[in-house]
Amino acid sequence: MYFKMNYLAQGKLCPPKELLLMRLKGGIFLKLKHILKRAFQSITVASLTVSLALPVSASSMDPGEFAKQNGAYTPAGNPSVTIDHSAIAARKKLKDKDVLGPVDPAYTMDVSYDSENHHVSGTMNVTFKNNIMDNLENLYFNLWGNAETFAENGGGMDVANIKVNGKKAEYEMNGTSLHISGLSLKENKPVNVEMDFEVNLPEQQDRFGWYKDTVSMGNWFPILSVYDDEGWNVDPYYPYGEAFYSVSGSYDVTVTTEKEQVIAATGTEIGQPTVHGDLATHRYKAFNVRDFAMEMNPNYHVISTKVNNVDVNVYYSDEHAKYADALLESGAESIQLFSEKFGKYPWPELDVVTMEGWFGGMEYPQLVMISFSGERSLEWTKSVNAHEIGHQWFYGIIGDNEYDEPWLDESFASFAASLYDGELDSLEVPPVPDEYYHLSSPVSDFTARASEGGINYYYWMIYGYGSSTLNDLRQELGDSVFYEAMRSYFKEQKFGVSSTEEFISAMERSSGMDLSEFFNSHRVFVSDQQ
Ligand SMILES: [Zn+2]
C-alpha cells in the first residue's frame, strides 16, 4: 500500500482539506520534499528530501515549530538506541519452513457480478496439500470482506454448503475468519474444499468496494489462511496497511457480468469473452500468485506497451486520462529497473488501474491500483506506481507475513520507489524516537498504541525509516554487493514466504559480512516475529 504525499512546504505546513480528511482515517505520511534538514530549525527552504510521518494538528505552522509541538522529530539527530545484543541472540530461533502451509493451492472460481446491486455470487473450489500435520482437524480461511470498515458501508461476505473432500463440513464464521472444524486430513495428501459464497461490495473508495463506475475487487473471495510455526494466522484486517498473508498458488477464475464492463485482473485472460444477451463471461488464469484481484469499469480505456516480454496495460477512466501516459511509462521503466536490480519479473502481464481513493495505491499480484484524490502531479503518480510495482517483488514474488513483519514488503517497496525516483542518495529518515517501535515490529505494536500516534509511527518507521535503512545497507555494502545480495535473496525466496531472519541471513551469506551490528543498530530484530 502507498500512503505518501509530495508536499512542498515553503516553510509552512498548510494541510489542504484533503489532508485533514486523511487525518480522520488515522495517519498521514508526509514527504516534505526539497527542504533542508536545517529547515526544521531555520525554516529555510532548499533542496533535500526529508520523509516524515507527522500527526497534523495545526493548519498553519512552520515545520520546526510543528515538529517540536508534536514531538515528531529530533533536529539534534538520531536518538541513541540501547540494545541488549546478547538477549536478542539468545532469542534467535530458526523458523521451521516445513510447517508453512497448506501448500500448492489451486483455486477454481465461477462467479457472477451484478453491477446494479454490487453483488458477487458464485462457487469456489480449492485443492491444496496438507503439509502441516497428520490428522489435521481444522482449516481456516480469511473473509476480508467482513472487516468492520466495509460493513459500515454495506459490505460483507457469506459462505454456504462447505464440503471438504466431498463431505459436508462444520464451519463457523467469526468476522474475517472462517473456521472449518471436525476434519481428519492425512499428512501430505491432497485436500479439496468447495463452497458457495456471496459478497456485497461496500460503497467505498477503497481496494475493496465500488465508487461511481469503478469496482475494486481486492481481497474479495474466501482465501486460505496460512499455518506456520505460530499456528494458524487469523490476524485482524488492518485498514492502514495489510494483514494479508497467503502462499503462492494458481487461479482459474470465470467471471460473468454486464458485457460493457472492462476488466483488469490478476493473470491473463484466456480467449475472448463469451457474450450472451447483456452479459459476457470472461476467464482468467494465473500461476504462482498469492491472491487474485480485479478492477472493472465500463468506461475504462486501455493503453499498452511491452517491456522485457511483459505486457503492461494501463486501465484509466476519462478523469484520469492525464495520468495514463505517466503510468504506462513508469510501469514499463519500473519493470525494467527492478528486474535488473532485484530479479526478473516472472509473469507475462501487469495491469495498472486508476480509481478514486484516499490511499494512493494498492498492490495485488500482476495488478496495481493507483488511487487519485484531487489533483496529483505526474511525479507523484510515477512514484506511487513505482512503489506498487515494487511490491510485485516484495509481497508478490517474495512473500511475507504482512501483519507480523510489514517492513519486509513496505520498506522494500518504498526503497524501490526511491530507487526509481533517483532519490536514494538523499534518503535520510531518522528512526522514531520512541524505542518501543522497531523496524521489524508487527502491526499489532503500532495499533496497540493507536491513540498515541501509533499509526503515524507505523508510516514513519515502516515506510520512511525502513527505506532509509535499506539505503544505509546499500551504502554499507556498496551497490554491486548489495544488489547481488538482493538477487540471491530473490532466488531463495521466489514465490515463497520470507522472514526478517532469512533476509538478514541472505544478506550476510551473499556479502560474506557479519551484519548483526548493522541490523541491531537499525532496530531490526529477529525476535519481533515471535
Ligand atoms: Zn506499499
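This passage walks through a zinc site, a five-stranded sheet and a buried serine in a predicted model.

The zinc ion is a good place to start. Its protein donors are the N and O of Met1, the NE2 atoms of His387 and His391, and two OE atoms of Glu410, and these lie 2.0 to 2.8 Å from the metal. Written along the chain, the spacing of the donors reads M-x385-H-x3-H-x18-E. The two histidines both sit in helix H7, which covers residues 378-393, and they are four residues apart, or about one turn of that helix. How buried or exposed are they? His387 has a relative accessibility of 1%, and since anything under 20% is called buried, it falls in that class. His391 comes out at 0%, so it counts as buried too.

What about the geometry around the metal? For six octahedral donors, the ideal angles are 90 or 180 degrees. Here the six donor atoms of the zinc ion make angles of 50 to 164° with one another, and the site is classed as irregular.

Next comes the sheet. It is an open one, with five strands in the order E23-E24-E25-E27-E26 and mixed pairing. Strand E23 (301-307) and strand E26 (361-364) are at the edges; each has a single partner strand, so one side of each has no neighbour in the sheet. On average, neighbouring strands here are turned by 15° against each other, ignoring direction. In general, strands of a sheet pair through backbone hydrogen bonds, and the pairing can be parallel or antiparallel. Strands E25 (residues 349-356) and E27 (residues 367-372) are a parallel pair, joined by six bridges. Thr354 has Ile370 of E27 standing opposite. Helix H6, made of residues 321-342, lies across E23, E24, E25 and E27, and runs at about 155° to E24 (310-316).

The last stop is Ser440, found in the loop that links helix H8 (407-421) to helix H9 (443-447). Is this loop residue buried or exposed? Ser440 has a relative accessible area of just 1%, so it is buried. Which residues surround it? Setting aside the neighbours within four places in sequence, Ser440 is in contact with Asp404, Trp407, Thr500, Arg523, Val524, Phe525 and Asp528. With Phe525 there is a polar link as well: a polar atom of the Ser440 side chain lies 2.7 Å from the backbone nitrogen of Phe525.

How values were computed:
Residues numbered from 1 in each chain as written. Predicted model: local features only at pLDDT ≥ 70, side-chain atom pairs only at ≥ 80, totals over all residues. Heavy atoms only, no water. Buried < 20%, exposed > 50% of the residue type's maximum accessible area, 1.4 Å probe, protein only. Polar contact = N/O pair within 3.5 Å; in protein donor to acceptor, adjacent residues only side chain to side chain. Contact = heavy atoms within 4.5 Å. Donors = N, O, S within 2.8 Å, 3.2 Å for Na, K, Ca; no water. Tetrahedral: all angles 85-135°; square planar, octahedral: opposite > 155°, others 65-115°. Pairing = 2+ DSSP bridges. Axes fitted to C-alpha atoms, helices over the stretch in contact; angles between N-to-C directions.
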